Amino acid sequence: MKTALTLSESRAEERRQNLRAAFRKGLSSVPNRGPDPPTPIVSIQGYQYLVDFGEKENTRYHRVSKDKTCSCGDPFCDAIDAVRQYLQAGGIRAPEPLDPAACPICGGKTFRDRRWDGRHTKTLGWRCVNGGLGHFLQAKAQRIQKNLAENPWLFPPVPGYPGVRRDEIMTTEECAAISRRVFEETGYDPTA
């Protein structure tokens, strides 16, 4: 037998009563989420900064590029100031766009190829006039090799854990050779 409302039921009932009161007062819509943030929210989208001013603004989203221009075209847009404050507060900088004007392999002219844009790395795809797609893939492989050489950790060390380096991982062939050597030394035959 139920005698009193639980805490979650009382909150739900309170919310229903508030909604009923709001509609009785003539409000046509009540926001589904909480109130809009007092300051704009800045995030990184590709090579630009995405500034969210909330639902109450006429143009909610603004994209600010690294050359301090906004997508709305206003040279004194509030989004540019919001990005400046975000960076001064220690926010993460947007990555530098790759200059697709010169091929890093041969120095030849390049042109954009949207089919090879990096979905996760946010890098722009391109093709070389001289080497075609091969030069793009070669440059990408060189970048990956450089990153692997700079960061040898598969799992970096933290206090209380020594970490795992990529060169410490054994292949199945190495494991089979060690097992075979142990079997020969001890005389144990797992198939018998």
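These are my notebook entries on the cysteines and the salt bridges of this structure, which is a predicted model.

**Entry 1: cysteines**

I began by searching the whole structure for disulfides, and the search returned zero. I then wanted to know how far the sulfur of C77 lies from the closest cysteine sulfur. That closest sulfur belongs to C70, and the separation is 3.7 Å, which is too far for a bond, because a disulfide requires the two sulfur atoms to be within 2.5 Å. I looked up C106 next, and C106 is likewise in no disulfide, the nearest cysteine sulfur being that of C128 at 3.5 Å.

For the surroundings of these cysteines I took the relative accessibility. C77 has a value of 8% and I entered C77 as buried, whereas C106 has a relative accessible area of 37% and went down as partly exposed.

**Entry 2: salt bridges, the group around R60**

My search of the whole structure for salt bridges gave seven. I kept in mind that side chains of opposite charge can pair when their charged atoms come close.

Which residues are linked with R60 in a network of salt bridges? I found D52 and E55 there, joined with R60 in that network. Between D52 and R60 the closest N and O atoms are 2.8 Å apart, and for the bridge between the side chains of E55 and R60 I noted 3.9 Å from N to O. The latter pair still counts as a salt bridge because the cut-off for the nitrogen and the carboxyl oxygen is 4 Å.

I also checked how accessible each member of the network is. D52 counts as buried at 13% relative accessibility, while R60, at 22%, counts as partly exposed. I noted that R60 falls outside the buried class because that class is reserved for values under 20%. E55 is partly exposed as well, its relative accessible area being 48%.

**Entry 3: salt bridges, R165 and D167**

I then turned to another pair and asked what N to O distance goes with the salt bridge of R165 and D167. The answer I wrote down is 3.4 Å, for a bridge in which the two side chains meet. Is R165 buried or partly exposed? With a relative accessible area of 30%, R165 is partly exposed, whereas its partner D167, at 57% relative accessibility, counts as exposed.

Terms used: Residues are numbered from 1 along each chain as its sequence is written. This is a predicted model: local features need pLDDT of at least 70, side-chain atom pairs count only at pLDDT 80 or more; totals for chains, interfaces and linings use all residues. Side-chain values use heavy atoms; hydrogens and water are left out. Buried means under 20% relative accessible area, exposed over 50%, partly exposed in between (1.4 Å probe, protein chains only).
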